[in-house]
Amino acid sequence: MKKLLSKLPGELLSWPRGKYRAFFLVALVVALTLAVWAFFAEPRSFRINEQALRLESWPASCSGLSVAVLADLHVGSPYKGIESLRSLVSQVNASSPDLVLLPGDFVIQGVVGGSFVTPESAAEVLAGLRAPLGVFAVMGNHDWWLDPKRVERAFTEKGIPLLEDASTKISSGHCALQLVGISDFWEGPHNIDQAMSAIEESETVLAFTHNPDIFPQIPQRIALTIAGHTHGGQVFLPLIGRPIVPSRYGERYAIGHIEEEGKHLFVSPGVGTSILPVRFLVPPEVTLLRLFSRGE
């Protein structure tokens, strides 16, 4: 105890013993409160976070298009089981998105307190998503680690196409886009040339992928790339930042809207957790993006 006290600031050393006890009691209460918040309250929460993005090359004919991004569901992670997924699907449908994108990591491996949920079970619930322009998916690294063929089969059998280095045309009224899915940067071929091979130069391209580390390789002509994977670091400490981000670029592509050299990336913080069931100031969310041209 004496050794601990010797390291305290001089002002604290002048306190009477009762004040020391009060100080450490308050510190303990604060620490326990933060732990409860980080390991219980915030991970089990959920929100739909609406955000507007203005993009230079976004066409006026598609102004206001809404895209629901359901990233890193990690179904089976604590508080994010099948019943939670059903509720999430219901809330997303109530927000009436034009397009739903699922940027991978549908399953979990090894998260503390979690319970494995099969991709077949997850796909059955996600098949209830509704959007006029469709629901599309790519796989994340956890899906590849499980079995990419199994995950692909589970989703396609439920009517959810996987765009693994592939594209598809989507349209509504005068709004027409090419949607490009790029396979996972860690585990997939992430063959951008193949994904873009059927697209004319004049067409507007919206891309999505799991891991944002692919972004430096994304061509200028893609209006927006959407990704997940990082979970926003799961923990954000004011004045310090995000201690752990699974990216070779650190916090550069950790979360939110990033603009580099005229290119646009949006990274969703996602819904589930991985490794540790903790979130602090990075609440689970489905991001509802509304896309406009920059001049609007």
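Here is a quick tour of the core, the aromatic contacts, the main pocket and a few residues worth a look. Keep in mind that this is a predicted model. The largest nonpolar core has 30 residues, and the largest pocket holds about 400 Å³ of space. Three aromatic pairs turn up as well.

**The nonpolar core**

- Start with the largest nonpolar core, where the residues with the most contacts inside it are Leu-70, Leu-73, Leu-102, Leu-126, Leu-129 and Phe-155.
- Two or more residues of this core come from each of α4 (82-94), β3, α5, β4 (135-137), α7 and β11 (285-293).
- Helix α4 is the top contributor, giving five residues to this core.
- As background, nonpolar side chains in soluble globular proteins tend to be buried together.

**Aromatic pairs and the cluster**

- The count of aromatic pairs is three, and one of them joins Phe-106 and Phe-155.
- Those two rings sit 4.4 Å apart, centre to centre, with 40° between their planes, which makes the pair tilted.
- Phe-106 is in the loop between β3 (99-102) and α5 (119-126), while Phe-155 belongs to helix α7 (residues 148-156), so this pair ties together parts that are 49 residues apart in sequence.
- Phe-106 counts as buried because its relative accessible area is 0%.
- Phe-155 also has a relative accessible area of 0%, so Phe-155 is buried too.
- Next comes the pair of Tyr-249 and Tyr-253, which is edge-to-face because the planes are at 65°, with the ring centres 5.1 Å apart.
- Tyr-249 has 26% relative accessibility and so counts as partly exposed, whereas Tyr-253 is buried at 0%.
- Add Phe-215 to Tyr-249 and Tyr-253 and you have one aromatic cluster.

**Charges over rings**

- Phe-215, a member of that cluster, has Lys-263 over its face, at 4.9 Å from the ring centre.
- Over at Phe-292, the charged end of Arg-54 sits above the ring, 4.8 Å from its centre.

**The largest pocket**

- The space in the largest pocket comes to about 400 Å³.
- There are 19 lining residues, and the closest to the pocket centre are Gln-234, Ile-244, Pro-246, Ser-274 and Ile-275.
- Sorted by class, the lining has nine nonpolar, nine polar and one charged residues.

**Backbone oddities**

- Ile-275, one of the residues closest to the centre of the largest pocket, has a positive phi of about 70° despite not being a glycine.
- The loop between β10 (263-267) and β11 is where Ile-275 lies.
- Ile-275 counts as exposed, because its relative accessibility is 61%.
- His-74 is another non-glycine residue with a positive phi, here about 40°.
- Look for His-74 in the loop between β2 (65-69) and α4.
- His-74 has 0% relative accessibility, so His-74 counts as buried.

**A contact across the sequence**

- Ser-121 is a residue of helix α5, an element that also gives two or more residues to the largest nonpolar core.
- With a relative accessible area of 30%, Ser-121 is partly exposed.
- Ser-121 and Ile-82 are 39 residues apart in sequence, yet their C-alpha atoms are 7.8 Å apart in space.

Conventions
Residues are numbered from 1 along each chain as its sequence is written. This is a predicted model: local features need pLDDT of at least 70, side-chain atom pairs count only at pLDDT 80 or more; totals for chains, interfaces and linings use all residues. Side-chain values use heavy atoms; hydrogens and water are left out. On a 1 Å grid over the protein atoms alone, a cavity is a set of points where a 1.4 Å probe fits but cannot get out, and a pocket is an open set with protein on both sides within 12 Å along at least five of seven lines; lining residues have an atom within 4 Å of a point. Grid points are joined across faces, edges and corners, and a volume is the space filled by probe spheres set on the points. Ala, Val, Leu, Ile, Met, Phe, Trp, Tyr, Cys and Pro count as nonpolar, Asp, Glu, Lys and Arg as charged, and the others, Gly among them, as polar. Rings of Phe, Tyr and Trp (its six-membered ring) pair if their centres lie within 6.5 Å; planes under 30 degrees apart count as stacked, over 60 as edge-to-face and the rest as tilted. Helices (H or I, at least four residues) and strands (E, at least two) are DSSP runs, numbered from the N terminus. Buried means under 20% relative accessible area, exposed over 50%, partly exposed in between (1.4 Å probe, protein chains only). A charge sits over a ring if NZ of Lys or CZ of Arg is within 6 Å of the ring centre and within 35 degrees of the ring normal. A nonpolar core is a set of buried Ala, Val, Leu, Ile, Met, Phe, Trp, Tyr and Cys residues joined through side-chain atoms within 4.5 Å.
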